[in-house]
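Reader: I have a structure open on my screen and would like to walk through it with you. Could we start with a sheet, then turn to charged pairs and finish with the whole chain?

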Amino acid sequence: MNIRDFCRTHFRHFNAAALVDAADGYLRHVDSGGKMLVTLAGAMSTAELGISLAEMIRTEKVHAICCTGANLEEDLFNLVAHAFYERVPHYRDLTPKDEEALLQRHMNRVTDTCIPEMEAMRRIETAVLEEWLAADQSGRRHFPHEFLYRVLRGGQLAGSYQIDPKDSWLLAACERNLPLWVPGWEDSTLGNMYAGHCISGDVKNVHTVRTGIEYMASLADWYTETAPQSPVGFFQIGGGIAGDFPICVVPMLHQDLRRTGVPLWGYFCQISDSTTSYGSYSGAVPNEKITWGKLGIDTPKYIVESDASIVAPLIFAYVLNQ
């Protein structure tokens, strides 16, 4: 029994049924010629979502990604330093002294997984710093993801891969030159490192890395070109800026630029365990987005209130019919 048959047999009610409905809606959208933008919040790269997401990219089931700076870099960290990661299955039992001991070993904990600073973060800093400095000195400017694409295409990390490259979603995105947007990139390890190099004077022009406003302009151009030809769906994993930023491009085009004929998002699904109350944007039900000019009355809408690290791989496997 493949995963699609399994889900249809066993997932018949509640959040399980919502998962199947969302996956079937995803299939209808892409099979009818629609494009899909996926947003990545949380620590999905450290949760190794790349194992399923990379295949979605390669098979053209994902056409664009908006992610946090953490998800952008953490897929690359995992690619080159996976063997040095440590899992802490009993992380809930750690005392403050236990946490300090991890700090002293330069092991940065994300829930049950520790990322090694020297083998992961500093190795990538060394590689990307070369690109930052070269661009700065020549007056070139690139987006955060474009710098990482340049590092991957340059091949300097190829001998350091510690997972099967097919399980890296960033590598798959790079190979397809997938459109990426990384709002709030400054709130990431590499963003902090870049700020440090600007403060120290290594990087002379702080705008060598292009800005979030430029990302929004780029997204507006992509959506304006793409949506009239192929309806664009919105598959949101978690909440926060990764989802908040891109979904606003539609009302911006309508209300701020006063453009007509701009299609609304053609599909919407959010996977989240955020409480749908008390002003929580991440917990806002899809219908609320109608009032903001993001979704329409007839937009297929789904919300799966469960753990994204479980739900997202299941939906991706369902779509891929694995």
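Reader: In what order do the three strands of the open sheet lie?
Author: Happy to help, and please keep in mind that this is a predicted model. The open sheet has three strands, paired in an antiparallel way. Its edge strands are β3 (86–87) and β4 (107–110), each of which pairs on one side only. The order is therefore β3-β5-β4.

Reader: Which residue of β5 is the bridge partner of Glu 86?
Author: Let's look at how β3 meets β5, residues 113–116. These two strands run antiparallel and are joined by two bridges. In β5, the bridge partner of Glu 86 is Cys 114.

Reader: And which residue of β5 is the bridge partner of Asn 108?
Author: Here we move to the pairing of β4 with β5, where four bridges join the antiparallel strands. Within β5, Asn 108 has as its bridge partner Ile 115.

Reader: What is the phi of Thr 111, in the turn between β4 and β5?
Author: β4 and β5 form a hairpin, with two residues between the strands. Thr 111 sits in that turn, and its phi is positive, at about 55°.

Reader: Which residues of β5 point the other way from Thr 113 and Ile 115?
Author: The four side chains are split between two directions, and all of these residues are buried. Thr 113 and Ile 115 point one way from β5. Pointing the other way are Cys 114 and Pro 116.

Reader: Now for the charges: how many salt bridges does the structure hold?
Author: Side chains of opposite charge can pair when their charged atoms come close. One such pair here is Glu 55 with Arg 58. Counting across the structure, the number of salt bridges is twelve.

Reader: Is Asp 24, which forms a salt bridge with Arg 8, buried or exposed?
Author: The side chains of Asp 24 and Arg 8 meet at 3.2 Å, N to O. This pair links distant parts of the chain, 16 residues apart, with Asp 24 in helix α2 (residues 14–31) and Arg 8 in helix α1 (residues 3–10). Arg 8 has a relative accessible area of 42% and is partly exposed. Asp 24 has a relative accessible area of 19%, under the 20% cut-off, so Asp 24 is buried.

Reader: Which helix holds both Glu 55 and Arg 58?
Author: Their side chains meet in a salt bridge at 2.8 Å, N to O. Glu 55 is partly exposed at 26% relative accessible area, and Arg 58 is partly exposed at 24%. The two residues are three apart, about one turn of the helix, and the helix they lie in is α3 (residues 50–58).

Reader: Which residue is linked with Arg 122 and Glu 125 in a network of salt bridges?
Author: Glu 125 and Arg 122 both lie in helix α6 (residues 117–138), three residues apart. Their side chains meet at 2.9 Å, N to O. Glu 125 is buried, at 12% relative accessible area, whereas Arg 122 is partly exposed, at 31%. The network links these two with Glu 117.

Reader: Which residues does Gly 243 touch, leaving out those up to four places away in sequence?
Author: Gly 243 lies in helix α11, residues 241–247. Its relative accessible area is 0%, so Gly 243 is buried. With those sequence neighbours left out, the residues that Gly 243 touches are Thr 39, Phe 234 and Gln 236.

Reader: How far apart in space are Gly 243 and Ala 83?
Author: Along the sequence, Gly 243 and Ala 83 are 160 residues apart. In space, from C-alpha to C-alpha, the distance is 31 Å.

Reader: Finally, what radius of gyration does the protein chain have?
Author: The protein chain has 13 helices and nine strands, and its C-alpha atoms fill a box of roughly 50 × 50 × 40 Å along the principal axes. Of its 322 residues, 52% count as buried. A compact globule with that many residues would have a radius of gyration near 20 Å, so the chain agrees with this expectation, at 20 Å.

Reader: What share of the exposed area do carbon and sulfur atoms supply?
Author: The protein chain exposes about 14700 Å². Of this area, carbon and sulfur atoms supply 52%.

Note on methods. Residues are numbered from 1 along each chain as its sequence is written. This is a predicted model: local features need pLDDT of at least 70, side-chain atom pairs count only at pLDDT 80 or more; totals for chains, interfaces and linings use all residues. Side-chain values use heavy atoms; hydrogens and water are left out. A salt bridge is a side-chain nitrogen of Lys or Arg within 4 Å of a carboxyl oxygen of Asp or Glu. Buried means under 20% relative accessible area, exposed over 50%, partly exposed in between (1.4 Å probe, protein chains only). Contact means heavy atoms within 4.5 Å. The radius of gyration is taken over C-alpha atoms; the globule rule is 2.2 Å times the number of residues to the power 0.38. Accessible areas come from the Shrake-Rupley method with a 1.4 Å probe; for residues, only the protein chains shown count as cover.
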